[in-house]
Amino acid sequence: MRPSNEPFWWAMFGAGGMITALLLPVLIILTGFVVPAGGVDFNQLDTLFNNPLVRLIILGVAFLSFFHAAHRIRHTLKDLGLRSVATPLAVLCYAAALAGTIWAALVVL
Amino acid sequence: MTTETMTDQRTVTLEVFRYHPDTDSEPSFQSYEVPYREEWVVLDALNWLKDEVDGTLSYRWSCRMGVCGSCGTMVNGYPRLTCNAFLREFLPGPIRVEPLRGFPVERDMVTVLDDFMEKLTDVKPYIIREEEQSLDEGEYRQSPSQLADYKQFSMCINCTLCYAACPVYEHEDDFLGPAVLALAQRYNLDSRDQGNEQRQQLIWADEGIWDCTFVGECSEVCPKDVDPAAAIQQAKVDATNNFFISFLPFTPPGMGR
Ligand code: SF4
Ligand code: FES
């Protein structure tokens, strides 16, 4: 029996689950609703987001959220019957997450 | 218990899965009217049928009190012990009785358990010692908190309801499944046991804990509150810690196994 590499993906999934549950709603509400509604001054937020450390954190949130989603989608599709293509499916999901992370890096850095 | 459902119902319909491989080309359902009694469980109705109507009806049972684990059956599509599934829960009926899902059928409600038994044996569900301590050293002592670590997982009665509830077991032939993994964890967590490494290779493989996608139905249906899903999650955390630690050039104190 081969040792599994699943712990790696599962750790990302777990960390991503934590991050998405805690930070993502806050970010969405803040940038999607509070700022457009004028609750927070845009310039104030702009200064915050110009801080390199904050940008790095946002990239981290995007990275873990993407890999969390990729893992969940991969296993859900497998459960729904895509067992025969499990390996290409895994490659596709994580490649998409990687692409998303690179895209996020290009945007925020 | 006896006051809840007052009913005038005299009989209830049982739709029973019938399959005798020697004579039947395929399974079918047969309907029977059985007497309704408030204190009867599905097993009582099956026993009545076997005694009074059709002696060829086959199903497993023994203790009639949720201890032996042999009477697992699908009752209205849900994995149950027939000895603690009251007829009154399913009024007005009909009540559909089928063999546990995910297992080959031997005859009527009797399933073939070979796959489960082999997997159970594979994880060595017993205390393994590198060296037995000599008799004059006395018993292996265990504190209440050491006992509490694994006690819940030791309550399993091998009824296989969790296997019938698990969508992964149904599709992945090699998956060890909930109860086997919970029992492996039960011995891994026992302070007297030293067999962790012997079980690891099997339970940390894809076919072990990693095939589990945390559907969680196993813990829902377990009549003994074993919570196999929790056992699997615990084992995933152990496996993951170990995975990352294995890349370190040294073993952090307290982390070695
Ligand atoms: S874990 Fe629960 S449901 Fe599964 S075999 Fe053991 S007692 Fe039955
Ligand atoms: S007959 Fe023993 S558990 Fe039901």
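This is a short talk on chain B: its fold, its two domains, its contact with chain A, and the surroundings of ligand 1.

Keep in mind that we are looking at a predicted model.

I'll begin with the overall picture. In chain B there are nine helices and seven strands. Taken along its principal axes, the C-alpha trace of chain B spans about 70 × 40 × 35 Å. The chain has 257 residues, and 35% of them are buried. As for contacts in chain B with a separation of 6 or more, 65% are between residues 24 or more positions apart.

Next, the domains. Chain B is divided in two: domain 1 runs over 3-111, and domain 2 over 114-245. Their C-alpha centres lie 30 Å apart. How many residues does each domain of chain B put into the contact? Domain 1 gives 12 residues and domain 2 gives 12 residues. On the domain 1 side, the elements that supply two or more residues are strand 3, at 72-75, and strand 4, at 78-81. By class, that side of domain 1 has six nonpolar residues, five polar and one charged.

Now the other chain. Here 14 residues of chain B are in contact with 12 residues of chain A. On the chain B side, three helices each supply at least two residues: helix 5 at 167-171, helix 7 at 196-203 and helix 9 at 228-245. Which of the helices gives the most? That is helix 9 of chain B, with four residues. The side of chain B that touches chain A divides into seven nonpolar, four polar and three charged residues.

Last, ligand 1. There are 15 residues around ligand 1, and those that come nearest are B:C156, B:C159, B:C162, B:A179 and B:C222. Two elements of chain B give two or more residues to this shell, namely helix 4, at 161-165, and helix 6, at 178-188. Helix 6 of chain B has the largest share, with three residues. What classes of residue make up the shell around ligand 1? The shell divides into 12 nonpolar, two polar and one charged.

To recap, then. Domain 1 of chain B touches domain 2 with strand 3 and strand 4 among its contributors. The side of chain B that touches chain A takes four residues from helix 9. Around ligand 1, helix 6 of chain B gives three residues, and B:C156 is one of the residues that come nearest.

Key:
Residues are numbered from 1 along each chain as its sequence is written. Chains are lettered from A and ligands numbered from 1 in the order in which they are written. This is a predicted model: local features need pLDDT of at least 70, side-chain atom pairs count only at pLDDT 80 or more; totals for chains, interfaces and linings use all residues. A residue is buried if 20 or more other C-beta atoms lie within 10 Å of its own, exposed if 12 or fewer, and partly exposed in between; C-beta atoms are placed from the backbone. Two residues are in contact if their C-beta atoms, placed from the backbone, lie within 7 Å. Ala, Val, Leu, Ile, Met, Phe, Trp, Tyr, Cys and Pro count as nonpolar, Asp, Glu, Lys and Arg as charged, and the others, Gly among them, as polar. Domain bounds come from an automatic or database domain assignment. A residue is near a molecule or strand if its C-beta atom, placed from the backbone, lies within 6 Å of it.
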